[in-house]
Amino acid sequence: MKISITGASGFVGTYLAHVLLDQGHIVTGIGTSKTGPHAATGGFNWISADTTRTGDWQESVTEADVIINLTGKNIFDYWTDRCKSQIYHSRILTTRHVVAALPENNRTVLLNTSAIGYYGDCEEALLTEDQGAGDDFLASVCKAWEKEAVKARNTGCRVILMRFGVVLGKHGGALDKMVPAFKLFAGGPLGKGTHWFPWIHMDDLVAAILFLMDNQALSGPFNLCAPEPVRQKTFARELGKVLNRPSIMPAPEFMMRLLLGEMGGAVMSSQKAVPDALTRAGFQFKFPKLSVALKDIFK
């Protein structure tokens with residue numbers, strides 16, 4: 001199949017494109033980098049473009065059998081007004097332009113990224129896909145993001161809303177930000193560590209994307225997170241174990257908020273999310289347990 005990936009040079013996009021190319025698909029990556037991560041690989045095409053603007057890059061969307069929209073500015077930054085605007089518009093405008101490029105009466109599949117942050121801070125509530133949206137900044141971004149994506153249904157497109165948990169894998173993502181502190185014997189939970197921490201192994205994330213892509217009967221929202229949620233202090237303890245480092249140096253909540261501002265509060269949010277729709281559809285996780293997932297990543 002012809003598959004277009006916006007945000008293809010990011011942490012998830014790079015790995016996902018590699019898997020799709022191995023399966024024999026023709027992949028077009030779209031992003032702001034001048035060259036793509038698989039430029040020398042047969043079957044891979046790269047388009048350098050600012051997807052918040054309309055342009056020739058939309059032609060690859062028109063011709064695709066599958067569109068996987070991963071574009072979005074990294075949220076791990078100090079949230080100035082300018083940063084929040086970039087977080088919002090990188091997602092909403094890109095999705096709007098993707099949908100605008102779809103031909104009428106198409107059979108395209110749009111797999112659009114969202115996040116578990118859709119639910120906001122829900123403390124101890126168990127979150128399935130039926131839960132409504134929260135009211136904080138990230139929740140409002142996710143809600144608007146999904147609203148733009150579902151407009152593609154008007155063209156006949158099958159739309160999947162992928163609510164990502166924290167993606168764990170090699171060479172990037174959240175672990176790249178956490179591991180250095182542990183290696184310096186300064187790792188530990190965030191705040192009291194009692195908030196729930198939705199996570200997923202990169203291999204399970206990509207397998208779930210392929211599962212959703214191939215199963216014609218599936219559409220709508222899916223929580224892409226492991227079926228066994230953990231509290232953040234448990235996550236820190238398991239990470240310390242696999243790195244053979246202590247996990248006794250908590251990052252105080254007031255310090256997180258002082259150094260990171262509004263984003264510091266966001267990372268303390270609690271989301272006890274489970275992949276209810278995905279498991280009911282028959283998907284089976286390779287790494288349902290955190291300890292096994294971390295051992296695989298750091299083996």
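Phe 211, Phe 283 and Phe 285 come together as one aromatic cluster in this predicted model. Within that group, Phe 211 and Phe 283 pair edge-to-face, with ring centres 5.5 Å apart and planes at 65°. This contact ties together distant parts of the chain: Phe 211 belongs to helix 6 (residues 202-214), while Phe 283 lies in the loop between helix 10 (276-280) and helix 11 (290-297), 72 residues apart. The two partners differ in how much surface they show. Phe 283, at 8% relative accessibility, falls under the 20% limit and so counts as buried. Phe 211 comes out at 22%, which is not under 20%, and therefore counts as partly exposed.

Other aromatic contacts turn up elsewhere, and the count comes to six aromatic pairs. One of them is the pair of Phe 44 and Trp 46, which is stacked, at 6.3 Å centre to centre and with 20° between the planes. Phe 44 has 8% relative accessibility and is buried; Trp 46, at 18%, is buried too, because the cut-off is 20%.

Phe 44 and Trp 46 also lead into the sheet, as strand 3 spans 44-48. The sheet is open and has seven strands, running in the order 3-2-1-4-5-7-11 with parallel pairing. Strand 3 and strand 11 (220-224) take the edge positions with a single partner strand each, so one side of each has no neighbour in the sheet. From one strand to the next, the twist averages 20°. Further in, strand 5 (residues 109-115) and strand 7 (residues 158-164) are joined in the parallel sense by seven bridges, and Leu 111 sits opposite Ile 160 of strand 7.

Helices pack on this sheet. Helix 1 (residues 11-22) touches strand 1 (2-6), strand 2 (26-31), strand 3, strand 4 (66-69) and strand 7, and its direction makes about 170° with that of strand 1. Helix 4 (residues 137-150) packs on the sheet as well, touching strand 4, strand 5 and strand 7, with its direction at about 175° to that of strand 5.

Finally, there are charges placed over aromatic rings. The charged end of Lys 84 sits over the ring of Phe 137, 4.8 Å from the ring centre. Arg 91 does likewise with Trp 145, its charged end sitting over the ring at 5.1 Å from the centre. Helix 4 covers residues 137-150, which puts the rings of Phe 137 and Trp 145 on the helix that packs against strands 4, 5 and 7.

How values were computed: Residues are numbered from 1 along each chain as its sequence is written. This is a predicted model: local features need pLDDT of at least 70, side-chain atom pairs count only at pLDDT 80 or more; totals for chains, interfaces and linings use all residues. Side-chain values use heavy atoms; hydrogens and water are left out. Two strands pair if DSSP finds at least two bridges between them. Helices (H or I, at least four residues) and strands (E, at least two) are DSSP runs, numbered from the N terminus. Axes are lines fitted to C-alpha atoms, for helices over the stretch in contact, and angles run from 0 to 180 degrees between N-to-C directions. Contact means heavy atoms within 4.5 Å. Rings of Phe, Tyr and Trp (its six-membered ring) pair if their centres lie within 6.5 Å; planes under 30 degrees apart count as stacked, over 60 as edge-to-face and the rest as tilted. Buried means under 20% relative accessible area, exposed over 50%, partly exposed in between (1.4 Å probe, protein chains only). A charge sits over a ring if NZ of Lys or CZ of Arg is within 6 Å of the ring centre and within 35 degrees of the ring normal.
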